[in-house]
Amino acid sequence: MRDMPVLQDRRIVLGITGGVAAYKTPELVRHLRMAGAVVRVVLSRAARQFVAAGALAAVGAEMVDDRGPGMVHIELARWADVVLIAPATAHVLSRLAAGAADDLLTTLCLATEAPLCVAPAMNRIMWLNAATCANCAVLRERGVGFVGPGEGAQACGESGPGRMSEPGEILTALERLWDTAGSLRKVRAVVTAGATYEALDPARGFTNRSSGKMGYALAAALADHGASVTLVSGPTALPIPPRVHGITVMSACQMRDAVLACREEMDLFVAAAAVADYRPQTILTHKLKKDAETLTVTLVRNPDILAEVARLNPPPFTVGFAAETGDLETLARAKRARKGIDLIVANPIDEAGVGFAQDDNRVILIDKEGAVAWPTAPKTEIARALVREIMKRLPRTPSP
Ligand code: C5P
């Protein structure tokens, strides 16, 4: 038994496209309605051959008439908490991948900000066809959720992958989507990542060994949970994750300006960048010559971006990192208090295999309640777990 009906009052647009599996959709609607969801159904023309509107309405679906007046696609796009297409034919997957808008369903998919979930159903060779695989890869990259398909006997008499998932499985997938994808919708997050580069002359500068992996993984995990994410990054070799707005900067001052430009629209600030503490007092316009035996460069302090954001009135929820050698926990506790931030993630940089430029990390989480040490794990996994911890602590996570 579940304690809380996750789908209670959720607004689901169910798009049904033309496959034999459409005959299962009254059963799917029944499951969704029993779970408390409100279901509006858009039937494609081909789907009408496999399932009757009357059968869907009889189990509680509100049928949408695509010949209705006004901007039905925009109204539905705004109304939906999620758009589910089941069964999704090879044809609709290709049209979604291409961004087609030639009927009500594809138009509303293009017009909505709600998550999109598809339950493909087709002949096994069609499913395995390179064109379908490429379309699915594009859709996955854009964050479309896939349920199934399963394997087994098919309507065409063959057996293999391509069967639409059972209604119960689709329901479970939607519930999981709500546990994750929707839970940070409406949260505006700014993440800093990577090292800054402080120029000395046109050819040289000061930087550090941060790869940006932790910050990029965090930005991706926040976006996966539905947050709108701006990633302000120093130069790195990493691609901007899907659905993340990337801004590339060089110096700490540029990073500060880019972050503070978001100050009015920031519910969460995660500072994962390794910001240079100092920069050369003057940036030379000509390349420095090696005439002298020794060279003295005067460095001046950089602004502390995290501390500055924590002093905003009102501040967003602030998360910082503390890369330390020595007594990790004590140093990080002091840093959290000094910068006035909500949560600090301490990680050692003097241990083999974790920290700077590595794929793994070992962290201690410290907030005002105390400290919790986590075992060594891949940064992507730590990012996902950290996002869950942030979600627990955010003052009020808006419901999707
Ligand atoms: O003071 P320290 O550099 O150890 O603090 C680390 C934390 O503060 C990190 O979260 C880092 O991104 C942030 N920071 C910052 N601006 C600086 C220095 C550090 O945002 N100038």
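**Exercise 1. Find which residues are around the ligand, and sort them by character.**

*Solution.* Start with the list: the residues around the ligand, meaning those with a heavy atom within 4 Å of it, are A271, A273, V275, D277, P303, D304, I305, L306, G320, F321, K335 and K339. A word on the source: this is a predicted model, where local features need pLDDT of at least 70, side-chain atom pairs count only at pLDDT 80 or more, and totals for chains, interfaces and linings use all residues. Residues are numbered from 1 along each chain as its sequence is written, and side-chain values use heavy atoms, with hydrogens and water left out.

Next, sort them. Ala, Val, Leu, Ile, Met, Phe, Trp, Tyr, Cys and Pro count as nonpolar, Asp, Glu, Lys and Arg as charged, and the others, Gly among them, as polar. The shell then divides into seven nonpolar, one polar and four charged residues.

Finally, look at the elements. At least two shell residues come from each of α11 (305-310), β17 (317-324) and α12 (328-339); helices (H or I, at least four residues) and strands (E, at least two) are DSSP runs, numbered from the N terminus.

**Exercise 2. Work out which polar contacts the ligand has, with N or O atoms within 3.5 Å.**

*Solution.* Take the ligand nitrogen first: a backbone N or O atom of P303 lies 2.8 Å from it. Now turn to oxygen: a ligand oxygen is 2.9 Å from a polar backbone atom of L306. For K339, it is a side-chain N or O atom that lies 2.9 Å from a ligand oxygen.

**Exercise 3. Locate the cis peptide bonds from A86 to P87 and from N313 to P314.**

*Solution.* Begin with A86 to P87, where omega is near -5°; P87 belongs to strand β4 (residues 82-88). Then take N313 to P314, with omega near 0°; P314 lies in the loop between α11 and β17.

Terms used. A polar contact is a pair of N or O atoms within 3.5 Å; within protein, one must be able to donate a hydrogen and the other to accept it, and residues adjacent in sequence count only if both atoms are side-chain atoms.
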